[in-house]
Amino acid sequence: MTDTADPVTTHQAEDDARNEQILIWVNGRIVPKAQAMVSVYDSGFMLGDGVWEGIRLYDGRWAFLDEHIERLFEAAKAIDLDIALTPEQVAQAIFDTQAANGMQTDAHARLMVTRGVKHRPFQHPSLSRSGPTMVIIMEHSRPKIPRPIRLATVPHLRGLPMTQDPKLNSHSKLNCILACIAAEKAGADEALMLDVHGFVNTTNACNFFIVRKGEVWTSTGDYCMNGITRGKVIQLCRDNGIPVFERNFSLVDTYSADEAFLTGTFGAQTPVGMIDGRVIGSGEMGPMTERLRGLYKAMVAA
Ligand SMILES: Cc1ncc(COP(=O)(O)O)c(C=O)c1O
């Protein structure tokens, strides 16, 4: 039986003992998990200087792989990091890791590229001279949350683009981690973050949607990660005659929503049951969230 007080995360999966035996791609070598290491001088370890993608395998195919690889290269360009592989070679590395692990479905890959090993232990990027470090951790992963997620709003904001643009999927996640810690200390599972104007924006690890009177609302997108799942949900609404709006809205609109849900590659669409102690709708997954989950599943299968 699940204790409803237990913290639940949006990235929770069924326990799978096979994950102790997985093989990990490290700079072109595929090695057992226990031997998968990077240097203590690595730019990612020292400074969070890198970019990453989370990708999911459904029935033999990596969902929206081209879009994930494109976003990875865009982020790398933004931080002036040379991945030193072509997009096709990055895709091949994913396929090689999948084949080595014999994975067919229900797997999740975290693909990370950092500025590599530093010559000396200091910040300046010119000290990273040996080329990038790339790692692919691929785990057996079937998302499983025992109940809808509880969120708490926190003082940590989704900032302006000139202070670490929230559109960057960077290794430096401290703002999101502090937000998540604050939410946990407030008795919730994860954090709901506002933008610099106080409008509801996103959570520490996923994009955020509400449903009001048959309409689906999400933030303008100005201060959040350009989630691929977010984009797919908006597209699915448009294709299926569901009114969808990218707009500013506040906590007042949010507390009285009929439903709320999160989107992300890991969990697809995750229902939200409570925000700041207010039950959202019935507190369970609502009909629109369920419908969008079905439409998304069909889209991935197609
Ligand atoms: C802050 C944040 N928001 C949203 C997302 C979801 O993005 P996607 O749907 O592309 O997985 C992520 C995942 O990387 C994220 O880190």
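**A walk through the predicted model**

1. A good place to start is a pair of facing residues: threonine 263 of β13 stands opposite glutamine 269 in β14. Please keep in mind throughout that this is a predicted model. The two strands around that pair, β13 and β14 (residues 268-275), run antiparallel and are joined by five bridges. Together they make a hairpin, with three residues between the strands.

2. β13 deserves a second look from its other side. Strand β10 (residues 207-212) also pairs with β13, again antiparallel and again through five bridges. Here phenylalanine 208 is the residue that stands opposite leucine 262 in β13.

3. How many of the six residues of β13 are buried? Six of the six are, so the strand is largely enclosed by the rest of the structure. Its side chains are shared between two directions: Glu259, Phe261 and Thr263 point one way, while Ala260, Leu262 and Gly264 point the other way, and all are buried.

4. From β14 you can step across to β7 (residues 149-153). These two strands run parallel, with three bridges between them, and arginine 150 has methionine 274 in β14 as its bridge partner. β7 pairs as well with strand β8 (residues 190-194), in the parallel sense and over three bridges. In that pairing, threonine 153 stands opposite leucine 192 in β8. Four of the five residues of β7 are buried, so this strand too is largely enclosed by the rest of the structure.

5. Now for the nonpolar interior. The largest nonpolar core has 35 residues, and those with the most contacts inside it are Leu151, Ala183, Ala191, Leu192, Phe209, Ala260 and Val272. Apart from this core lies another one, of 24 residues, with Ile24, Leu57, Val90 and Val113 among them. Alanine 191 is a handy residue to click on in the 35-residue core. Beyond its neighbours within four places in sequence, alanine 191 is in contact with Leu151, Ala152, Val154, His156, Ala179, Cys180, Ala182, Ala183, Thr203 and Asn204.

6. It helps to have the overall layout in mind. The domain assignment divides the protein chain into domain 1 (17-140) and domain 2 (149-301). Taken over C-alpha atoms, the centres of the two domains are separated by 26 Å. Where they touch, 22 residues of domain 1 are in contact with 10 residues of domain 2.

7. Which elements give two or more residues to the side of domain 1 that touches domain 2? They are β3 (50-58), α2 (65-78) and β5 (107-114). β3 gives the most to this side, with eight residues. By type, the residues on this side of domain 1 divide into nine nonpolar, seven polar and six charged.

8. β3 and β5 are also part of an open sheet. Six strands form this sheet, in the order β2-β1-β6-β5-β3-β4, and the pairing is antiparallel. The edge strands are β2 (29-32) and β4 (61-62), each of which pairs on one side only. Further in, β1 (residues 23-26) and β6 (residues 133-140) pair in the antiparallel sense over two bridges. Tryptophan 25 has isoleucine 136 in β6 as its bridge partner.

9. There is a ligand to look at as well. Of the 15 residues around the ligand, Met225, Gly227, Ile228, Thr229 and Thr265 come nearest. The elements that give two or more residues to this shell are α5 (228-239) and β13 (259-264). The largest share, three residues, comes from α5. The shell is made up of five nonpolar residues, nine polar ones and one charged.

10. One last stop is leucine 295, which is found in helix α7 (residues 287-301). Is leucine 295 buried or exposed? Neither quite: with 19 other C-beta atoms within 10 Å, leucine 295 is partly exposed, because a buried residue needs 20 or more. Leaving aside its neighbours within four places in sequence, leucine 295 is in contact with Leu236 and Asn240. Its C-alpha atom is separated by 9.1 Å from that of cysteine 237, although the two residues are 58 residues apart along the chain.

Terms used: Residues numbered from 1 in each chain as written. Predicted model: local features only at pLDDT ≥ 70, side-chain atom pairs only at ≥ 80, totals over all residues. Near = placed C-beta within 6 Å. Nonpolar A, V, L, I, M, F, W, Y, C, P; charged D, E, K, R; others polar. Core = buried A, V, L, I, M, F, W, Y, C linked by C-beta atoms within 7 Å. Buried ≥ 20, exposed ≤ 12 C-beta atoms within 10 Å, placed from the backbone. Contact = placed C-beta atoms within 7 Å. Domains from an automatic or database assignment. Pairing = 2+ DSSP bridges.
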